[in-house]
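Trainee: Could we go through this model together, asking at each step how a label follows from the numbers?
Mentor: Happy to.

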Amino acid sequence: MHMFFVKPAQIEGGLVTVTGPDVNHIRNVLRMKPGEPVRISDEKDFCGQCRVTEILEDRVLLSVEEEAPSTELPARVTLFQGLPKGDKMEWIVQKNTELGVSRIVPVAMRRSVVKLDARKAEAKRVRLQAIAESAAKQSGRTRLPKVLPVMSYGEALREAKDCDLLLLPYESAEGMDRTRELLARAFPGMHIGILIGPEGGFDPSEVEQAAEAGWQAFSLGPRILRTETAGMAVLAMLGFLLET
């Protein structure tokens, strides 16, 4: 069932008015007809199952049939992602959105090859946010994850200060017992941070800085995962633990 995001003001008296680019998507891409079911979310308190009642030139009207359950992880997760090369960040945003991430923060690290000026960085962020929205709709998310502007390493560590649990997968960490013990600390209602290095990995000084800021290094096993895989692996583990 297709998912659409609206503002609370677009829901009134059991009627939802869809406007903007979604109108063209419903009319001309999906070619939906009155009577077809859809899901909507206002990204705050309401998610509902609806039915298309009328398709007009500039808006689509939906009738709310029943409230639908949230599909969000029971904990907030912020992914602090070291800037990768090429279009890998698009893949990272898409797949981590599907897995339930709440926020994605691109981080410039010592071994990051990519260097973006302010104008290019903002254009890239807007594109990544659009990818997150598309992935959220496809996966039936009830909230849109936010892609934040690129931060320096120091800024990212300060941004993470409100997290309750700080997780740093690190290839030099040893022992899966430590991993199990750390992940067992996650519980619903927490704000969890995940810090992932770029292709070249963390500089040792960055690991020291992170440890001083409260980040907990742990292993993801004997195999070294690529930067685009590591965050997804941690999110999948958290999803299994938090949703069972």
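The talk below goes from ring pairs to the cores, the strands and two backbone angles.

Trainee: Before we start, what kind of model is this?
Mentor: This is a predicted model, so please read each value as computed from the prediction.

Trainee: What makes F80 and W215 an aromatic pair, and why is the pair called edge-to-face?
Mentor: The ring centres are 5.8 Å apart, and the cut-off for a pair is 6.5 Å. The planes meet at 90 degrees, and anything over 60 counts as edge-to-face, so both parts of the label hold.

Trainee: Where in the chain do F80 and W215 sit?
Mentor: F80 belongs to strand β7 (residues 76-82), while W215 is in the loop between α6 (204-212) and β13 (216-218). The two are 135 residues apart, and the pair links distant parts of the chain.

Trainee: How do you know whether F80 and W215 are buried or exposed?
Mentor: Buried means under 20% relative accessible area. F80 has 0% and W215 has 5%, so both count as buried.

Trainee: Why is the pair of Y170 and F202 also given the edge-to-face label?
Mentor: Their planes stand at 75 degrees, with the centres 6.2 Å apart. Set against the limits of over 60 degrees and within 6.5 Å, that makes an edge-to-face pair. By this rule there are two aromatic pairs in the count.

Trainee: What does the pair of Y170 and F202 tie together?
Mentor: Y170 lies in the loop between β11 (165-169) and α5 (176-183), and F202 in the loop between β12 (191-196) and α6. The pair therefore ties together parts that are 32 residues apart in sequence. With 17% for Y170 and 3% for F202, each is under the 20% limit and so counts as buried.

Trainee: How do you know that K95 lies over the face of W91?
Mentor: K95 is at 4.9 Å from the ring centre of W91, and the distance limit is 6 Å. The rule also asks for a direction within 35 degrees of the ring normal.

Trainee: Which residues touch the most other members of the largest nonpolar core?
Mentor: They are V77, V93, L167, I192, I194, V234 and L238, out of 29 residues in that core. Among the elements giving two or more residues are β7, α2 (88-99), α3 (118-138) and α7 (227-242). The largest share, five residues, comes from α7. There is also a second, separate core of 20 residues, which includes F80, L157, C163 and A173.

Trainee: What does I192 touch?
Mentor: Leaving out residues up to four places away in sequence, I192 touches A75, R76, V77, T78, C163, L165, L167, A186 and L238.

Trainee: Why is β12 described as largely enclosed?
Mentor: Six of the six residues of β12 are buried, so the rest of the structure largely encloses this strand. Both faces are covered: H191, G193 and L195 are buried on one side, and I192, I194 and I196 on the other.

Trainee: What makes β7 and β12 paired strands?
Mentor: Pairing needs at least two bridges. β7 and β12 share six, in the parallel sense, so they qualify. Within β12, I194 stands opposite L79. β11 and β12 also pair in the parallel sense, over three bridges, and the bridge partner of L166 in β12 is G193. The chain crosses from β11 through α5 to β12, a right-handed β-α-β crossover.

Trainee: Why are β1 (3-5) and β2 (11-12) called edge strands?
Mentor: Each pairs on one side only. The open sheet has six strands in the order β1-β4-β5-β6-β3-β2, with mixed pairing.

Trainee: What makes the phi angles of R31 and E43 worth a look?
Mentor: Most residues other than glycine have a negative phi. R31 has a positive phi of about 50 degrees, and phi of E43 is near 65 degrees, also positive. R31 lies in the loop between α1 (21-29) and β4, and E43 in the loop between β4 and β5 (47-55).

Trainee: Are R31 and E43 buried or exposed?
Mentor: R31, at 59%, is over the 50% limit and so counts as exposed. E43, at 17%, is under 20% and so counts as buried.

Definitions and conventions: Residues numbered from 1 in each chain as written. Predicted model: local features only at pLDDT ≥ 70, side-chain atom pairs only at ≥ 80, totals over all residues. Heavy atoms only, no water. Phe/Tyr/Trp six-rings, centres within 6.5 Å; stacked < 30°, edge-to-face > 60°. Helix = DSSP H or I, 4+ residues; strand = E, 2+ residues; numbered from the N terminus. Buried < 20%, exposed > 50% of the residue type's maximum accessible area, 1.4 Å probe, protein only. Core = buried A, V, L, I, M, F, W, Y, C linked by side-chain atoms within 4.5 Å. Contact = heavy atoms within 4.5 Å. Right-handed = clockwise from strand over helix to strand, strands pointing away.
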